[in-house]
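Student: Could we go through this model together, beginning with how two of its chains meet and then turning to a sheet?

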Amino acid sequence: MEEENQTLGIGTDEWVAQHGARITRRDGIAGIVDLLNQRISMPYRYALLGIAAVAFGFFVHDLYLIRIASNLGIFLMLTLGLNIVMGFAGLLDLGFVAFYGFGAYAYALTSSTQLNQHWPTWVSLPAIILATAFLGYLVSLPSRRLFGDYFAIVTLFFGQVFIQLVLSSDSITLPGDTDSTDITGGSNGIPGLYPFSFFGRSFKSTSDYYWLLLIVVAGLLIAITRIDRTRVGRAWRTVREDPLASISMGMNINNLKTLAFVVGAGIAGFAGAIFAGVQGAVFINGFDIPLLTLVYAAVILGGSGSIPGAIMGASIMSVLPEVLRVQNYSEFLFLAVLIITLRALSKNWKRFVINVLSIVAIGFVMKALLALLNTSLTPSTTWAIAPVSKVLKFWLVLPEHRIAWGNIAFVLLIAGIAYFSIAGEAIKLILLPVIAYVAIFLWEDRLVADPNVTRQLMVGMMLIVLMIIRPQGFLGKTRVEVL
Amino acid sequence: MAYFAQQLVNGLTLGGVYALIALGYTLVYGVLQILNFAHGDVYMIGAFIGYFVELALGGPTHSWVPVPIMIFIMFAVSMIGTGLLGMVIERFAYRPLRKSTRIAPLISALGVSILLQNAALLLFSANIRTYDTSSFIPSTLGFSIGSVTIDSVRLFVLILAIVLMFALSRWVNKTQVGRAMRAIAVDRDAAVMMGIDIDRVIRWTFFVSAALAGAAGVMNGLMLRGVSNGMGFVPGLKGFTGAVIGGIGSIPGAMMGGLLLGVVEALTQGYLSTNFSDFYTFVLLIAVMLIRPNGLFGKKAIVKA
Amino acid sequence: MLEIKNLSIEFGELKPLSQLDLSVNNQEIVSVIGPNGAGKTTLFNVITGIYTPTSGEVLLDGKNIAGEAPFKVNRLGVARTFQNVRLFLNMSVIENVMASYYPRTRSGVFSSALGLPASRREERQIRANAEELLSFFGTRLAGYRWEQPAYSLSYANRRRLEIARALATEPKVLLLDEPAAGMNPKETHEISEVIGQLRDEKKLTILVIEHDMHVVEGISDRVVALDHGVKIAEGSFDSVATHPDVIEAYLGKGSADRK
């Protein structure tokens with residue numbers, strides 16, 4: 001050890017710079033994760049993912065699962081596209097899903113009885129991609145002069161304009177006609193789309209789309225990773241970092257912004273077309289702010305600008321609602337999240353056990369209290385996991401006026417979490433088990449029956465908490481910003 | 001001509017409500033440079049508070065206080081309630097992010113918005129409530145000049161909006177907190193060094209901003225619109241539009257922008273088509289942004305190299 | 001090489017520059033000095049196209065570039081550093097330099113995405129060029145430093161990196177805005193040598209804004225003094241340093257007499 005120090009010279013730049021290599025492994029699970037991180041490099045990880053995806057395609061036949069996987073693929077395309085616009089070039093495009101909707105509607109109009117068009121897929125897909133890219137070009141033109149917030153605002157409005165246009169185009173009187181034509185089906189959408197077909201063979205089931213998505217997503221990942229590592233990717237990042245310095249170093253930032261926009265739009269349009277194929281129909285209300293929120297959440301969760309982050313974020317945001325929908329899975333998920341969070345917030349295993357025991361104790365206390373108050377008790381709903389269910393029936397009781405109590409619990413939970421964030425250490429110790437109990441209570445009482453609301457609440461809460469504790473997302477790099 | 005005047009009057013009333021929402025956006029943007037996406041949902045909560053207060057006071061038909069008092073209490077409780085909500089949001093969702101990147105508060109705001117909307121859904125269910133104003137204020141009660149009529153509710157809303165805007169101007173220009181707020185908007189670091197307690201001032205700014213939204217919510221409820229958990233989105237967007245048209249960060253701009261937007265909306269609905277009116281509104285906004293990217297009253301940012 | 005004729009810029013009542021004449025000959029090092037607020041950085045901003053002058057011309061090799069977009073000005077051969085160092089902080093050291101090769105290179109989105117041979121070749125070339133450029137600063141920005149994020153660099157290294165980055169755009173004229181600011185005497189000495197090397201080895205024409213008179217004395221072929229947007233003196237360092245107007249500008253009225 002001594003010799004090593006002498007040759008390197010403690011305190012000199014090089015020694016300091018290489019300190020990363022000398023960090024000792026962290027304990028426990030974190031240590032294993034670190035080890036895996038070091039040993040398995042990116043190409044291998046991607047390869048593993050690829051193999052898993054292919055295996056999935058061959059061995060899984062449950063249509064429901066294939067559908068979820070396909071939706072994940074589409075959502076991943078969207079996430080990657082937004083990752084380019086926002087993550088690479090730093091443009092806050094709040095109208096992004098409009099391109100997605102445009103692609104979907106474009107497919108609908110070229111492959112259905114709405115306008116009596118039936119374009120061969122090998123023609124319509126490239127045409128749609130180009131058309132959406134061109135639309136992206138048009139939208140970016142007025143926005144070129146604007147920066148930051150103003151840019152975001154204008155794109156938001158373009159998104160809304162698109163929706164309004166589609167909604168109102170179910171009775172347009174074209175010049176020369178006397179009657180009105182229904183172009184977009186308005187709020188009813190366009191059903192009955194023809195499936196994709198290549199080389200004379202039509203896609204017969206979602207499986208076919210899954211394979212297509214596999215190829216497309218793989219191709220996109222390779223392409224985008226390459227772009228990120230080369231000239232254009234770097235240039236985009238300089239636009240995000242410091243536009244003034246970027247333009248002074250000879251980069252035409254307006255053109256670069258447009259380029260990012262166009263590429264993002266093209267990808268979104270592609271995704272939209274595939275989505276239309278999978279669904280077999282298009283409805284405008286799937287292309288509004290709620291979806292935009294999910295895509296943004298996915299990009300940010302994973303780490304804006306990080307491609308693996310986009311994969312991770314998309315997976316979570318896309319699969320989460322599905323999991324929440326099925327009671328078995330959702331219970332599992334809830335339990336898992338609860339335990340993980342509890343462990344993360346407890347300093348060590350001993351603390352963790354104390355917390356768990358406290359929660360159990362509180363449960364019994366509440367049971368006694370509710371009995372005292374004479375509110376008639378209903379045993380809690382059954383969990384699919386039988387032993388858990390039995391224990392729960394005994395431990396957790398739900399009062400008669402479930403809705404009212406649930407509301408109180410909800411308000412208490414939010415207030416508790418908020419207070420927890422600023423509380424001192426001592427109070428945190430007491431508060432944590434209480435909050436956990438309230439969460440369990442609320443879950444059983446209301447949330448488990450209402451997956452949509454639950455999902456949204458979790459997304460909302462997650463966004464806030466994420467920004468506070470880890471704004472760069474899970475796989476993003478810490479950023480330094482000069483304000 | 002009379003038709004035009006009628007639409008104009010309707011538009012001004014609508015614009016008054018938008019202006020209040022716009023002011024909320026602009027105040028917050030001025031001090032923190034963040035776009036408070038949750039603002040529209042605070043407006044929604046304000047509408048709900050007004051509804052519950054109305055119920056608590058005996059509902060639309062059997063209120064045990066005289067109608068004017070009931071309305072006053074509805075406004076007062078709603079404004080205070082939303083003001084407090086605004087302060088809470090700032091404390092927990094924005095304050096921890098003051099030293100973070102520029103995008104972090106925006107995302108957090110998005111999270112707050114989602115949280116508020118779904119909390120309302122959870123707590124109040126998806127049923128659409130209504131103030132049922134016509135039960136305690138006959139809709140025939142009103143004024144007319146020539147063939148232009150304005151019913152008493154609308155007139156009241158318009159006057160109240162003007163009063164609130166006037167009060168806000170006085171607050172911003174004449175009180176110490178208001179002046180401190182303007183100082184922070186111009187140069188936060190200098191304000192800190194001048195001894196201004198920015199935490200306190202920002203808290204008050206959020207209170208005022210949210211209270212205005214709450215008032216707008218009650219106004220909306222009074223004008224016979226439904227109250228539901230998703231009602232904040234479109235008015236929030238429009239209030240936001242108004243703030244941007246007027247120049248985000250500028251208080252007179254927000255007032256003008258909101259009023260302008262209301263008038264444009266009424267006119268397009270009256271003359272062009274009801275379906276497309278939102279479309280035209282947004283196209284108008286894009287046009288304004290292109291001609292004057294900083295809005296009507298916005299100041300051009302000086303880039304220091 | 002660079003000639004500024006009768007340049008004026010006004011922002012309403014404010015006149016940062018008034019009827020300025022300045023010229024820099026090929027491979028000359030000219031220093032611009034003056035008290036704060038004299039308009040020196042504004043001058044740089046006008047030359048590089050960030051501001052458009054109200055009147056006057058900026059001639060690069062005889063061609064007027066006044067009012068052109070900054071990226072165009074750069075492609076025509078003018079590069080600069082910034083007074084308060086504007087690096088691409090979250091990008092690595094070598095990426096900062098590699099990015100600046102953008103205007104001189106060509107691979108587009110498609111050729112990069114497809115991994116075409118021409119694109120790969122160009123990428124290797126960019127990397128090699130960047131490494132060579134950074135080695136100009138010796139061990140300071142060498143080897144292990146390349147992959148580190150720019151925000152981890154010390155202040156002096158940041159200034160050096162900014163110069164390297166500017167050099168990557170392959171300019172003919174280099175504008176350095178207070179290159180020695182915040183440096184200790186040893187670093188200052190080093191930077192003066194570097195500036196000299198830039199002129200000799202890289203054949204650059206250099207315009208420097210500086211406050212540190214040691215540096216100005218050491219590197220300048222000519223010195224120009226500005227005050228309130230107007231040129232008040234020009235010539236060799238000694239003649240400008242002892243010029244009564246210059247002394248008055250720095251030390252106030254009456255100082256010239258006292259000296």
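Student: How many residues of chain B are in contact with chain A?

Tutor: The model is predicted, and contact here is judged by C-beta atoms, placed from the backbone, that lie within 7 Å. On the chain A side 35 residues take part, and they are met from chain B by 35 residues.

Student: Which element gives the most to the side of chain B that touches chain A?

Tutor: The elements of chain B that give two or more residues to this side are α3 (67–94), α4 (103–124) and α11 (277–291). Among the residues of this side, 27 are nonpolar, six are polar and two are charged. The element that gives the most, with 13 residues, is α4(B).

Student: Which strands are the edge strands of the open sheet in chain C?

Tutor: The six strands of this open sheet follow the order β6-β7-β8-β3-β9-β10 (chain C), and their pairing is mixed. On average, neighbouring strands are turned by 20° against each other, direction ignored. The strands that pair on one side only are β6 (78–80) and β10 (230–235) of chain C.

Student: What is the bridge partner of Ser31(C) in β8(C)?

Tutor: Strand β3 (residues 29–33) and strand β8 (residues 205–209) of chain C run parallel and are joined by four bridges. In β8(C), the residue that partners Ser31(C) is Val208(C).

Student: What angle does the direction of helix α7 of chain C make with that of β8(C)?

Tutor: Helix α7 (residues 185–200) of chain C packs on the sheet, where it touches β3, β7 (173–177) and β8 of chain C. Between the direction of this helix and that of β8(C), the angle is about 155°.

Note on methods. Residues numbered from 1 in each chain as written. Chains lettered and ligands numbered in written order. Predicted model: local features only at pLDDT ≥ 70, side-chain atom pairs only at ≥ 80, totals over all residues. Contact = placed C-beta atoms within 7 Å. Nonpolar A, V, L, I, M, F, W, Y, C, P; charged D, E, K, R; others polar. Pairing = 2+ DSSP bridges. Axes fitted to C-alpha atoms, helices over the stretch in contact; angles between N-to-C directions.
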